[in-house]
Amino acid sequence: MSLTTQAPVVFLQYLAALAVVEGIKTYDHGYQCVPVRLKWPNDIFAADPADITGKTFVKIGGILVNSHYSTSEYLSVIGVGLNTTNAAPTTSFNALNPPAPFALEKLLARILTCFSTLYHRFSQAGFDQYFEDLYYKHWLHTDQVVTLEAEGGIRARIRGITSDWGLLKAEELGWEDRATGRLLTLQSDSNSFDFFKGLIKRKV
């Protein structure tokens, strides 16, 4: 895998997560409405089928990337987990009541095809406007207000991710949640995101 500073290896987790969501939504007719979303940095969430309001989300999958640098190139192993049929310990893809029965082999093929297409574009153009628009279309965090534990418990509003190294961008909030103008960037390897509590904290 030969990536450059224009297309850094850190984005592989984002590409894999996008491939899962895009693979599901383009699986077949009607699947574009299946409520799967992205949680930063590398989890797949879905609207909880037990919540008729559609406002509660549960994890159905995740991405893990292991990389090392050798002889002028990155060697990476991308692990993708997706709960397709198990009722426990979390919601399954099948519990989302997809519009038609799915075959695991076809779903896997669709995800891999999407990843190949995304990776080819990324290696040529990096995380450009196309990827930003696609990522934000599927993610859960647009304008979400969170607490930054490592910054003394300040409140901040999520503004996106940086296009150079995939850092999470958060704008500090002051009195009455007014923006102070201070922009913070957070690494995915150093922080974990408790979506339900709106809390970003350092990994231990």
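The paragraphs below lead through one sheet and then two buried residues of this structure. The model is predicted, so that local features need pLDDT of at least 70 and side-chain atom pairs count only at pLDDT 80 or more, whereas totals for chains, interfaces and linings use all residues. Residues are numbered from 1 along each chain as its sequence is written, and side-chain values use heavy atoms, with hydrogens and water left out.

We begin with the sheet. Six strands form an open sheet in the order 8-7-6-5-10-9, with mixed pairing; strands here are DSSP runs of E with at least two residues, helices are runs of H or I with at least four, both numbered from the N terminus, and two strands pair if DSSP finds at least two bridges between them. Strand 8 (179-186) and strand 9 (191-194) are the edge strands, each pairing on one side only. Strand 9 pairs with strand 10 (residues 199-202) in the antiparallel sense over four bridges, and F193 stands opposite I200 in strand 10.

In strand 8 lies L184, which counts as buried (under 20% relative accessible area, with a 1.4 Å probe and protein chains only) because its relative accessibility is 8%. Leaving aside residues up to four places away in sequence, L184 touches L148, E151, I154, L168, K169, A170 and E172, where contact means heavy atoms within 4.5 Å.

Away from this strand, N83 is found in the loop between strand 4 (73-82) and helix 2 (104-125), and N83 is also buried, with a relative accessible area of 13%. Not counting residues up to four places away in sequence, N83 touches I60, T90, T91, S92 and F93.

Note on methods
Buried < 20%, exposed > 50% of the residue type's maximum accessible area, 1.4 Å probe, protein only.
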